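Work through the exercises below with the model open. Try each task before you read its solution.

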Amino acid sequence: MLQHVDAAVFLRIRDRVDREGRCCERQDRARAAQELPNVSPGASSHRRPAVNGRFLNVEGRRFWVKGITYGTFRPNENGEPYPSRPKVREDFAQMRKAGINTVRLYTPPPDWLADAASDAGLYLIADICWGPRRCDCVRPERLRHLYEWTREHSRRLADHPAMLLFSLGNEIPP
């Protein structure tokens, strides 16, 4: 089961400092790049990310996110806010070739897109937001809809091998 990590906390992680006060981020990244295997997230269940303090690990090693955003797009032929399936597969292959390992999406991905990410060796950070960026928590029927929308998509994607993190309710105004 995917361990939940607050994306905002994860994204605030900054340079690590060794005991003598020197920045060692470059050393860590170089070491991690050499040590991490280049296999797809869906290869096996032990490829699942795990929380290790402020960091994520994959197969017991620190996982460095090398990410890119993907979207938003005009709806495809099926009304989904993504390009066509062949175009997505092509884009994901090019991302992997460029060294990307993580893709941030602005909407919950359909299953076929999550499968394509896994096949390409990419992890996903998916926004699971409920529509317009406003706070509608005062009307009980709207609040129920927000809970159902979030629950539906997070449960559907929770055990998918491509899922790295969820971003819930991004950029809600005060």
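Helices (H or I, at least four residues) and strands (E, at least two) are DSSP runs, numbered from the N terminus. This is a predicted model: local features need pLDDT of at least 70, side-chain atom pairs count only at pLDDT 80 or more, and totals for chains, interfaces and linings use all residues. Residues are numbered from 1 along each chain as its sequence is written, and side-chain values use heavy atoms, with hydrogens and water left out.

**Exercise 1. Lay out the elements and judge the confidence.**

Step 1. Count the elements: the protein has five helices and seven strands.

Step 2. Read them from the N terminus: α-α-β-β-β-β-α-β-α-β-α-β.

Step 3. Check pLDDT, the predictor's confidence in each residue, from 0 to 100. The protein averages 76, and 66% of the residues score at least 70.

Step 4. Locate the extremes. Confidence is lowest in helix α1 (residues 7-11), with a mean of 34, and highest in α3, at 97.

Step 5. Mark the weak stretches. Residues 1-40 have a pLDDT below 50, yet beyond near neighbours in sequence this stretch has 55 contacts in the model. Here contact means heavy atoms within 4.5 Å. Residues 42-46 also stay under 50, and the model has three contacts for them beyond four places in sequence.

Step 6. Look at contact range. Of the contacts in the protein with a separation of 6 or more, 63% come from residues 24 or more positions apart.

**Exercise 2. Find the buried side of α3 and what packs on it.**

Step 1. Set the cut-offs: buried means under 20% relative accessible area, exposed over 50%, partly exposed in between (1.4 Å probe, protein chains only). By this rule, 39% of the 174 residues of the protein are buried.

Step 2. Check the helix length. α3 has 13 residues and spans 18 Å from its first C-alpha to its last, close to the 18 Å expected at 1.5 Å a residue. The expected span is 1.5 Å times one less than the number of residues.

Step 3. List the buried residues of α3: V88, D91, F92 and M95. They lie on the same side of α3, because they cover an arc of only 100° around the axis. The arc is that of the directions from the helix axis to the C-beta atoms.

Step 4. Recall the periodicity. An α-helix has 3.6 residues a turn, so residues three or four places apart point the same way.

Step 5. Turn to the other face. The exposed residues P86 and K97 sit on the face of α3 turned away from its buried side.

Step 6. Name the partners. The buried residues of α3 pack against β4 (67-70), β5 and α4.

Step 7. Look past the helix end. G99 follows α3 and has a positive phi, near 95°.

**Exercise 3. Trace the pairing of the strands.**

Step 1. Apply the rule: two strands pair if DSSP finds at least two bridges between them.

Step 2. Take the open sheet. Its three strands have the order β1-β2-β3, with antiparallel pairing. β1 (50-52) and β3 (61-62) are the edge strands, each pairing on one side only.

Step 3. Zoom in on one pair. β1 and β2 (residues 55-58) are joined over three bridges, and V51 stands opposite L56 in β2.

Step 4. Move to β5 and β6. They run parallel, joined by four bridges, and T102 has Y123 in β6 as its bridge partner.

Step 5. Is β6 enclosed or open? Six of the six residues of β6 (residues 123-128) are buried, so this strand is largely enclosed by the rest of the structure. Y123, I125 and D127 cover one side, and L124, A126 and I128 the other.

**Exercise 4. Describe the surroundings of N101 and W112.**

Step 1. Place N101: it lies in the loop between α3 (85-97) and β5 (102-105). N101 counts as buried because its relative accessibility is 8%.

Step 2. Find its polar atoms' partners. The N101 side chain reaches the backbone oxygen of W64 at 2.8 Å. A polar atom of the N101 side chain also lies 2.8 Å from the backbone nitrogen of K66.

Step 3. Place W112: it lies in helix α4 (residues 111-120). W112 is buried too, at 12% relative accessibility.

Step 4. Pair its side chain. W112 and E80 are joined by a side-chain polar contact of 3.0 Å. A polar contact is a pair of N or O atoms within 3.5 Å; within protein, one must be able to donate a hydrogen and the other to accept it, and residues adjacent in sequence count only if both atoms are side-chain atoms.
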